[in-house]
Protein chains: 2
Amino acid sequence: MNAYERLTEYGIKPSVQRMAIMEYLMTHFTHPTADEVYMALCDTIPTLSKTTVYNTLKLFVDQQAALMLTIDEKNVHFDGDTSLHSHFFCRRCGRVHDLPYSGKKREARELLIEGHAVEEIHHYYKGICKDCSEAEKENKNFN
Amino acid sequence: MNAYERLTEYGIKPSVQRMAIMEYLMTHFTHPTADEVYMALCDTIPTLSKTTVYNTLKLFVDQQAALMLTIDEKNVHFDGDTSLHSHFFCRRCGRVHDLPYSGKKREARELLIEGHAVEEIHHYYKGICKDCSEAEKENKNFN
DNA sequence: AATTAAAATTGTAATCATTACAAACTTAAA
DNA sequence: TTTAAGTTTGTAATGATTACAATTTTAATT
């Protein structure tokens, strides 16, 4: 599936900017921030505005075509993989790693928990990631 | 247990400000933001600085005497209840509700997942809370 | 008690991610 | 081709958080 199809599938009218941003999310599983998306695309789309990146990512999230990760208190991260999975945030290098979802497999939508209508499930781990742990052992700095 | 004991237990040297902030966390389970803590205390401690509130909450989190919740992209929330439990963030009213932890009960500390050293486990739900759902049914606004 | 050093607190100013807003541009329909 | 609606853009504002240096407090020592 390409970016165009993905957008229309989620009821989003395609445009050059929207396709570029979706394409980026579909090919980079680094959980980028809005700024990282902007920096990656502003060379190929020189007229791109950061406001557009923010607006577009918000649109994707509203349409459930992307996930907004609030795992990092410094920056909001975005994830083009909307399947149910967990995340690990490394407080050393600041990266977000994917992990399989370890909770009960239940549907995110149409779920009531203690009377609250659940729309999203987020499962986060925080700590020091494998790369940073190994780098520390060797007295080296990762990054 | 009072605030003084709690602080010393977590290796934090007590002070008037620290005890007031810890006392607030121990008696209010509203998951306040730094600003809410400041606003609640600045009447009784008129010289209190917002910087002190930020520094102190960070100290509590570093010493694991409180949890930092990044569930809300607008504000960091704090939780004096460090036991393993889940949270529900209402995108309507912005409040954070407690929920029992539904995942596997495993120790947060000393846990390796795919090579990553886990220090914290966070389980978040997002959606519309019970109060807001009921208020909407009655065509009223909660808040 | 006076001296001193370390730690804690404070206020101000800076930072920086995000948003508001209005103008400019594009699209597609009429 | 006009019109309206939707989209993009740039600039300026917002607001939470942090940096920093000065002040105050604490606690140990003389």
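By what turn and what shift along the axis can chain B be laid on chain A? In this predicted model, a turn of 180 degrees and a shift of 0.0 Å along the axis place chain B on chain A with an RMSD of 0.0 Å. The two copies are therefore related as by a two-fold rotation axis. The points below describe how the copies meet and which protein residues lie around DNA strand C.

**The two protein copies**
- Of the interface residues of chain B, 97% are also interface residues in chain A, so the copies meet through the same surface.

**The surface near DNA strand C**
- There are 16 residues around DNA strand C, and those that come nearest are Y54(A), S15(B), Q17(B), T47(B) and T52(B).
- By character, the residues of this surface comprise nine polar, four charged and three nonpolar ones.
- At least two residues each are supplied by helix 4 (50–62) of chain A, helix 2 (16–27) of chain B and helix 4 (50–62) of chain B.
- Helix 4 of chain B gives the most, namely three residues.

**Contacts with the strand**
- Sugar or phosphate accounts for 75% of the atoms of DNA strand C within 4 Å of the protein, and the rest belong to bases.
- S15(B) places a polar side-chain atom 2.3 Å from a phosphate oxygen of DNA strand C.
- Q17(B) has a side-chain N or O atom 2.9 Å from a phosphate oxygen of the strand.
- S49(B) approaches through its backbone, with an N or O atom 3.3 Å from a phosphate oxygen of DNA strand C.

Notes: Residues are numbered from 1 along each chain as its sequence is written. Chains are lettered from A and ligands numbered from 1 in the order in which they are written. This is a predicted model: local features need pLDDT of at least 70, side-chain atom pairs count only at pLDDT 80 or more; totals for chains, interfaces and linings use all residues. Side-chain values use heavy atoms; hydrogens and water are left out. A residue is near a molecule or strand if one of its heavy atoms lies within 4 Å of it. A polar contact is a pair of N or O atoms within 3.5 Å; within protein, one must be able to donate a hydrogen and the other to accept it, and residues adjacent in sequence count only if both atoms are side-chain atoms. Helices (H or I, at least four residues) and strands (E, at least two) are DSSP runs, numbered from the N terminus. Ala, Val, Leu, Ile, Met, Phe, Trp, Tyr, Cys and Pro count as nonpolar, Asp, Glu, Lys and Arg as charged, and the others, Gly among them, as polar. Copies are superposed by least squares on the C-alpha atoms of residues with pLDDT of at least 70 in both. Contact means heavy atoms within 4.5 Å.
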